[in-house]
Amino acid sequence: MIDQILMVLIDGINYSAWLFLAAVGLTLIYGVMKIVNVAHGSFYALGAYMAASVVGAWVTLDYPPYLYYLALFAAALISGFTVGPLVERVLLRYQYEKDEVVILLITYALFLVMEDVIKLIWGVNPYFIVEPYAYLGNFSVGEMTYPNYYILMFGLAITVGLALTFVLKKTHFGRMLVSVIHDREISAAMGIDVGKIFVVTFSVGCALAGIAGAFTAPTISVSPGLGVEVIVLSFAVVVTGGLGSLPGVALAAIIMGLVRAFCIHYIPHLELFVIFGVMALVLAFRPRGLFSLAEARKI
Amino acid sequence: MNFDKSIVRLAIVFIGILLLSGFIPQWAMFMLTIACANGMAVLGLMLFLRAGLVSFGQALFFCTGAYAAGLLALKFDITEMTVLIIVSGIASGFMAYILGFLLAKYRGIFFGLLSLAFSMILYGLLVKTEALGSTDGFNVPAVTIFGWLPDLSVVRVAVLGMAFLIILLSVSFVNMLLKSPRGLLLTAIRDNEIRAEYMGASAQKTIHLFYVISGVLAGLGGAIAAVAVGHIDPTMSFWTTSGEMIFIAILGGTGSVIAPFIGALVFGIIHTIAFSYSPNTWQMVIGLSLIFVILLLPNGLWSLREKFGKRKS
Amino acid sequence: MSNVILHAEGLNKSFGAVTAAANINVEVQQGSVLGLIGTNGAGKTTFVNMITGYLKPDSGKVIFGGRDITRLAPREITKLGICRSFQIPQLYNSMTALENLEVSYGIVSLMENNGSLFTKTNAPIPSYGKTIRLLAEEALEKFGLTQYRDKTARVLPGGVRKLLDIAMAMSVRPKILLLDEPTSGVSAEEKFDIMDMVMKAVRQGNTTVMFVEHDMDIVSRHAERVLAFYSGEIIADEAPEIALRDPRVIKYIVGENHSPAHQGEH
């Protein structure tokens, strides 16, 4: 019995960590810019593919294994901070005043384009970069063995969460962000360079998606179509937590991860269903999500 | 704009195509039939665009209709196309009715992405269901039309003719609907939902209603596709299928009830050309075209007709 | 006088530290015309919002035609017979003036046909005896808007938008019509004409009218009774001649320069 509980807990927390990392960039971008970045999924994929290349090269060049994680991190940052600003400045910059559905369609179109660009660059065959995952070894709990990578992911999620909270509450930039989150126009009137905030936020959001992708890459086969489940799941998590809310996305990730682990332990088929089930349940009682910051456009 | 004239013209075009069918190559007829199927689904989407809503998961109902038709034919040995069509409509309509209780409460991005989510849930369920062939899907046996089993040489024409019939009926119905008080209300809700509520209307009820109609239309389209292709699989509910439908909707615009079919035809042609050159960049083509159309032609291809064509009616 | 059609009982509403309504008690007689005056934030809009279902009071009741409507949704309250116009006209901006009214009468038609999908546009609305199109055209005429028939609502001038907004509210033939600042944003020359036209069109059906106004001349001209709001309370509930001379009303609302003794400021 205890074994069962521990099993569900460990798997649950691992999945929660992944959900949080995957979704946090999306909620950040929404909170500040009030747009749903559908291309979030492809930035995740980009991070994963970039990681595949960087780590692939790293291994071939026989660089020190303990720096794998730095490599993963670097891959994510590169993908986020090169493509991110480019997309924002070229495509999105002039669209913010438009209807939100139009912007949604634009990021959706961007998603379509990026999916194929990734295919053109990296091809359609899967990549396996299992080294960073295997290198860490395993730990045991009772009779079950788990990869130490789980601990890494958990630590990463906590770090990202704390770092973002710190930036938002304690730094000057963070305070400007919070101001823009609450009211874009008044912030601009107060002299805040909203354009700059947007570029930086978008890039950070994409980089966060990239981090999630890069650090997940060692645990899966990196192949086309990686991004689509991510956007759908991330959206569910973000909406459940409350669009734009950082504590919200954390709490939603925890709940969903644990519930999912519990459910698939007994009925494996229910995966995606469970996540959306939780979302529907939360929305039925709290239409704006757990911690609402923005309206859920419900009348 | 006088829709009734458009419908009459459409009927004439349809009859013309059927009469000339001897000269039309098989692949072209197939493409036309698929365009009909897609057009039906997009007709449903267009209803939502009128209300200011975009569904990113229209493929859900398309797929439901297709599977309903396919299952009925394969597992229950019912191969009469009229029956298949009707059952598909009921199945997808019912699905829309249930989901509508949740979805009709939301607008904007929520509506869009929630519908995407449901379509992906169906995809996931179908993929995991062995009995339905999981990712491979299954084949649809040959159908009879009003009791007659068409010979292989004419089966494409027959199915196309049936598709035409369904389209004409649907388009007439939608046309009547859009001109009715309920239809006017749909556009009013897009403009000022609060005002409509303060006049006693129920926005939620109206949207729920149109959600069901949209679902039925897409389901009928799915059934046509199932029969025309002879095969169904879970990708019919995949997000890319919904994406193509959105693309067609934006391409065609909301100007007329026949716009979705024109958009679907153009799409079919682009698809055939682009896919034969480079299958791996198909999504990119759609994405770039979508961006192009959104930024430069906000009213879709239909607006070109108004700019360059003669103002009919 | 005839019977009480609306009864607000002990309405209270606070937003944090701000008291928007403090024990409001009002009885409205059927067929009367009530003017609601008060500075911004005095509580008149809150009162209107509580009657139309947009806000729920913290305590107290609103009884309409013998029925407790306090907790009902705006839509239900409209169906029961209270309809309002808006301070900032709420129109269907992409539709023409005629279409705006067709939508409004269309809603009535749907309600009478129990929301049937097959409600025909060219069949007469049962209790009105006329088709939607005809009713819409007549409404345009009644409010002097016929020349704007085919113009998109978005491009209509301010006074016209106001009239259209009110015409739409009238389409449901409400028992109580609530006009929220019907002449605000309208030029000084047009104010009186617009209000005269509105009241003439409205009074044909013996509708009870409640209007919120800042212009005391309009209030004197049209109101049979005045409710003066201040700080969430009603400080006067009298005929206009009396209310507008009440020292508290003059002090808080009308202002020394605008009291009846000092005409000619407008």
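Two strands count as paired if DSSP finds at least two bridges between them. Keep that in mind for the first exercise on this predicted model.

**Exercise 1. Lay out the open sheet of chain C.**

Task: work out in what order the four strands of the open sheet in chain C stand, and which strands lie at its edges.

Solution:
- Step 1. Read across the sheet of chain C: the strand order is 2-1-4-5, with antiparallel pairing.
- Step 2. Look at the two ends. Strand 2 (18-29) and strand 5 (67-68) of chain C each have a single partner strand, so one side of each is left without a neighbour in the sheet.
- Step 3. Now take one pair from the order. Strand 1 (residues 4-15) of chain C is joined to strand 4 (residues 59-64) of chain C by five bridges, in the antiparallel sense.
- Step 4. Find a bridge by residue: C:His7 has C:Ile63, in strand 4 of chain C, as its bridge partner.

**Exercise 2. Map which chains touch.**

Task: find which two chains have the most contacts, and which two do not touch.

Solution:
- Step 1. Two pairs of chains touch, and chains A and B have the most contacts.
- Step 2. Count the residues on each side: 38 of chain A are in contact with 36 of chain B.
- Step 3. Do likewise for the other interface, where 36 residues of chain C are in contact with 25 of chain B.
- Step 4. Chain A and chain C do not touch, and 12 Å lies between their nearest C-alpha atoms.

**Exercise 3. Describe the interface of chains A and B.**

Task: state how much area chain A and chain B bury between them, and what the side of chain A is made of.

Solution:
- Step 1. Start with area: about 3,800 Å² is buried between chain A and chain B, 81% of it on carbon and sulfur atoms.
- Step 2. Look for polar links. The rule finds zero salt bridges between chain A and chain B, while five residue pairs are in polar contact.
- Step 3. Locate the elements. Helix 4 (100-122), helix 10 (226-241) and helix 12 (271-285) of chain A each give two or more residues to the side that touches chain B. Helix 4 of chain A gives the most, with 16 residues.
- Step 4. Sort that side of chain A by class: 29 residues are nonpolar, two are polar and seven are charged.

**Exercise 4. Do the same for chains C and B.**

Task: describe what chain C brings to its interface with chain B.

Solution:
- Step 1. Chain C and chain B bury about 2,400 Å² between them, with 65% of it on carbon and sulfur atoms.
- Step 2. Pick out the residues of chain C that lose the most area to chain B: C:Arg75, C:Tyr92 and C:Leu117, together 27% of what that side buries.
- Step 3. The rule finds two salt bridges here. One of them joins C:Asp165 to B:Arg195, with the closest N and O atoms 2.8 Å apart. Eleven residue pairs are in polar contact across this interface.
- Step 4. Helix 2 (74-80), strand 6 (82-84), helix 3 (97-112) and helix 5 (158-170) of chain C each supply at least two residues of the side that touches chain B. The largest share, eight residues, comes from helix 3 of chain C.
- Step 5. By class, this side of chain C has 17 nonpolar, 13 polar and six charged residues.

**Exercise 5. Check the confidence in chain B.**

Task: find which element of chain B has the lowest mean pLDDT.

Solution:
- Step 1. Chain B as a whole has a mean pLDDT of 86, and 94% of its residues reach 70 or more.
- Step 2. Among its elements, helix 8 (residues 203-229) of chain B has the highest mean, 94, and helix 12 (residues 301-308) of chain B the lowest, 50.
- Step 3. Over residues 305-313 of chain B, pLDDT stays under 50.

Notes
Residues are numbered from 1 along each chain as its sequence is written. Chains are lettered from A and ligands numbered from 1 in the order in which they are written. This is a predicted model: local features need pLDDT of at least 70, side-chain atom pairs count only at pLDDT 80 or more; totals for chains, interfaces and linings use all residues. Side-chain values use heavy atoms; hydrogens and water are left out. Contact means heavy atoms within 4.5 Å. Buried area is the accessible area (1.4 Å probe) that two parts lose on being put together, summed over both. A salt bridge is a side-chain nitrogen of Lys or Arg within 4 Å of a carboxyl oxygen of Asp or Glu. A polar contact is a pair of N or O atoms within 3.5 Å; within protein, one must be able to donate a hydrogen and the other to accept it, and residues adjacent in sequence count only if both atoms are side-chain atoms. Ala, Val, Leu, Ile, Met, Phe, Trp, Tyr, Cys and Pro count as nonpolar, Asp, Glu, Lys and Arg as charged, and the others, Gly among them, as polar. pLDDT is the predictor's confidence in each residue, from 0 to 100.
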